[in-house]
Amino acid sequence: MINKLKIEKLSTESFLPFGDIINKKSSSKELSINQGTTVRHHNISELKLTDQNGKPAISIFSGSPRDIPIQIKIMEKHPIASQSFLPIQNHDWLVVVSKEKNDLPDLDTLRCFKVDGNLGITYKANVWHHPLLVKKKQDFWIIDRIQDEEISSINLKEYHFKQNEIKYIIILIITPPK
C-alpha cells in the first residue's frame, strides 16, 4: 500500500531532532561589524566537519525535479559530519527525514518539510534524509566534510528501500507559470 507523505510546515521545533534551520532569526547574537555597515548574525548553525581527518568544503549542487509523484525509495546519512544546504535561488524545496532504528532509517517515522526558498538547513551528523528534492531546477551552496578530496567516503551511508518497503509518495501540485 502506498501512502501520501504529508508535507509539513518547517519550524525550528519540528526540525530540531534532525538539524538546524539557517536564517537570520536563528541567531541569538547579532554583531555590528565592518565599521557599522554590516550585521553579523552569529553562529546560526552548528557544524561538525573535522572528525577522522575530515576537512570543511563548500560545493554547489545543481538539483533537478524528480518525477511526480515522488517515490521515497532511498535515504542517506552522513555518520561523521553535518551537512548544510543553502539555496542560491529563492525557490521553495523539500526535505524528507526519519529517525533511526537498528542503524537503518525508521520508515514509520518519515517526515517531509517544505523549506522556504530563503532558508537553508543543516542536517546533524547521522541523520537519515532523502537526497535533494527540488520543485524546479535549483542550485545550492553545500557545506560538508570531505576527506582526501574524495566525494564519497566513510561519511556516506545509503539505504535503498526494498520493493515492499516503498510505501510513501509525495504529491506536489505545481502551478504552471503564467
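## A guided tour from strand to loop

Start by selecting strand β1 and strand β19 (residues 168-170), which run parallel and are joined by two bridges; strands here are DSSP runs of type E with at least two residues, numbered from the N terminus, and two strands pair if DSSP finds at least two bridges between them. This is a predicted model, in which local features need pLDDT of at least 70 and side-chain atom pairs count only at pLDDT 80 or more, while totals for chains, interfaces and linings use all residues. Residues are numbered from 1 along each chain as its sequence is written, and side-chain values use heavy atoms, with hydrogens and water left out.

Select K4 next, and opposite this residue you will find I169 in β19. Widen the view to the open sheet of three strands, which has the order β1-β19-β7 and mixed pairing; its edge strands, β1 (3-4) and β7 (70-71), each pair on one side only.

Before leaving this region, select P69, which lies in the loop between β6 and β7, and look at the peptide bond that leads from I68 to P69, which is cis, with omega near 0°. Most residues other than glycine have a negative phi, and most peptide bonds are trans.

Now move to strand β17 (residues 138-146), which runs antiparallel to β6 and is joined to β6 by nine bridges. β17 also pairs with β9 in the antiparallel sense, over four bridges. Which residue in β17 is the bridge partner of F85? Select I142, which is the bridge partner of F85 and also that of S59.

Keep F85 selected and turn to the aromatic rings, of which a search of the whole structure finds ten pairs; rings of Phe, Tyr and Trp (its six-membered ring) pair if their centres lie within 6.5 Å, and planes under 30 degrees apart count as stacked, over 60 as edge-to-face and the rest as tilted. F61 and F85 form an edge-to-face pair, at 6.0 Å centre to centre with 80° between the planes. Because F61 lies in strand β6 (residues 55-63) and F85 in strand β9 (residues 83-87), this pair ties together parts that are 24 residues apart in sequence.

Is F85 buried or exposed? With a relative accessible area of 5%, F85 is buried, whereas F61, at 30%, is partly exposed; buried means under 20% relative accessible area, exposed over 50%, and partly exposed in between (1.4 Å probe, protein chains only). F85 also forms a tilted pair with W93, at 6.3 Å centre to centre and 35° between the planes, and W93 is buried as well. To see the wider group, select F15, F18, F61, F85, W93, F113, Y123 and F140, which form one aromatic cluster.

From here, look at the largest nonpolar core, which has 18 residues, and where L10, F15, F85, W93, V95, I121 and Y123 touch the most other members; such a core is a set of buried Ala, Val, Leu, Ile, Met, Phe, Trp, Tyr and Cys residues joined through side-chain atoms within 4.5 Å. The elements that give two or more residues to this core are β10, β13 (111-115), β14 (120-123) and β17, and β10 gives the most, with three residues.

End the tour in two loops. Select N53, in the loop between β5 (38-42) and β6, where this residue has a positive phi of about 65° although it is not a glycine, and counts as exposed at 68% relative accessibility. Then select D103, in the loop between β11 (100-101) and β12 (104-105), which likewise is not a glycine but has a positive phi of about 65°.
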